[in-house]
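The exercises below are meant to be worked with the sequence and the model side by side. Try each task before reading its solution.

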Amino acid sequence: MNHPSSTQAVPTARSTTAAGRRNLTAGLASLLLFGTAAVGLAQSDITQPGDVIVPTSSNSPGSEGAANAIDNKTTKYLNFDGAQNAVATGFTVTPSVGATIVTGLTLQSANDAPERDPATFKLEGSNDGTNFVAIADGTVPAFSDRFVTVRNDFANNQAFKAYRLTFPTTASANGCCMQVAEVELLGTVVPPDVTQPGDVIVPGRAGLLYWVTTWLIKN
Ligand SMILES: [Ca+2]
Ligand SMILES: [Ca+2]
C-alpha cells in the first residue's frame with residue numbers, strides 16, 4: 001500500500017509536545033488500518049427489501065405482514081394486536097448490511113383508516129438478538145394525509161446489528177389494529193474492523209508504522 005497523503009499531511013499536523021506526537025502516531029496508525037472508510041458517510045435507509053424481519057406477532061392478514069414495512073412500496077403492514085392499543089406492535093429487523101448506527105426513522109401512512117396510524121414509537125437495538133438496548137422513543141408527527149411520510153431524528157452513537165421498532169399507541173384507540181405502509185431506519189453502516197487477534201502482521205506494514213513513529217519522534 002502507498003500512503004503519500006498520510007505522510008505529506010504530517011508536517012502541518014505536527015504537535016510540539018511528546019503527548020501530542022503520541023496521539024498523532026496513534027491516529028496515523030488508525031488511519032493506516034482503517035483508511036478513509038469512516039469519513040464522510042451519508043445517512044440513508046439501512047434496511048432493504050429481503051432483510052430478515054420478525055413481527056411482534058403473526059396476527060396479520062396473510063398479505064399484510066411485517067415484510068411489507070420495508071419493501072420500498074406503499075404496501076402496508078397491519079397487526080391486529082394493536083386494537084385498542086392493547087399491545088405494542090411492530091417488528092425486529094436485522095439489516096443485511098451489518099452493524100449500523102441509526103439516528104432517525106421515517107414512517108409512511110397506509111392507504112386508509114388514519115386512526116390506525118402509529119402515534120408513538122419505541123426503537124431498541126441489539127447485537128445478539130436477545131438483549132435489547134433503548135435507543136429512542138417518542139411521538140410520531142401527525143400524518144397530514146394517506147401515503148405521507150414523516151420523520152423522527154434522535155441522538156445515538158451506538159452501533160447495532162438488529163433493531164426492534166414497536167408502536168405502543170395508534171392515532172386513536174380503535175377496534176382493528178395498527179398499520180403502517182413503510183418504515184425507514186436512517187443511519188450509517190459501521191466499517192468492519194478488518195483485523196482480529198492472531199492475525200499475521202506483515203513486515204511491510206510494521207516497517208511503515210515504525211518509519212512513521214520514528215519520523216514523528218524526530219520531528
Ligand atoms: Ca427502504
Ligand atoms: Ca410497504
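**Exercise 1.** Which pattern of helices and strands does the protein follow when read along the sequence?

*Solution.* The coordinates come from a predicted model, and the assignment of elements begins with a count, which gives 3 helices and 11 strands. Read along the sequence, these elements follow the pattern α-α-β-β-β-β-β-β-β-β-β-β-β-α. As for the protein as a whole, 26% of its 219 residues count as buried, and among contacts between residues at least 6 apart in sequence, 76% join residues at least 24 apart.

**Exercise 2.** Work out the order of the strands in the open sheet of 5 strands, and name its edges.

*Solution.* Following the pairing from strand to strand gives the order 2-4-9-6-7, with antiparallel pairing, and the sheet is open. Strand 2 (52–55) and strand 7 (133–139) each pair on one side only, and they are therefore the edge strands. From one strand to the next, the twist averages 15 degrees.

**Exercise 3.** Describe how strand 6 is joined to its neighbours, and which of its residues lie on the covered face.

*Solution.* On one side, strand 6 (residues 120–126) runs antiparallel to strand 7 and is joined to that strand by 6 bridges; T120 has T139 as its bridge partner, while L123 is partnered by A136. The two strands form a hairpin with 6 residues between them, and G129 in the turn has a positive phi of about 80 degrees. Strand 6 is also joined to strand 9 (residues 162–167), again in antiparallel fashion, by 5 bridges, and here the partner of G125 is Y163.

For the faces, the starting point is that side chains in a regular strand alternate between the two faces of the sheet. In strand 6, the covered face carries F121, L123 and G125, whereas T120, K122, E124 and S126 belong to the uncovered one.

**Exercise 4.** Identify the residues that touch the most other members of the largest nonpolar core, and say which strand gives the most residues to this core.

*Solution.* The core has 29 residues, and those touching the most other members are A69, Y163, V180 and V183. Several elements give two or more residues to this core, among them strand 3 (77–79), strand 4 (89–94), strand 5 (100–108) and strand 11 (182–189). Strand 9 gives the most, with 4 residues. For A69, leaving aside residues up to four places away in sequence, the residues touched are Y77, F91, V180, E182 and V183.

Key
Residues numbered from 1 in each chain as written. Chains lettered and ligands numbered in written order. Predicted model: local features only at pLDDT ≥ 70, side-chain atom pairs only at ≥ 80, totals over all residues. Axes fitted to C-alpha atoms, helices over the stretch in contact; angles between N-to-C directions. Buried ≥ 20, exposed ≤ 12 C-beta atoms within 10 Å, placed from the backbone. Contact = placed C-beta atoms within 7 Å. Core = buried A, V, L, I, M, F, W, Y, C linked by C-beta atoms within 7 Å.
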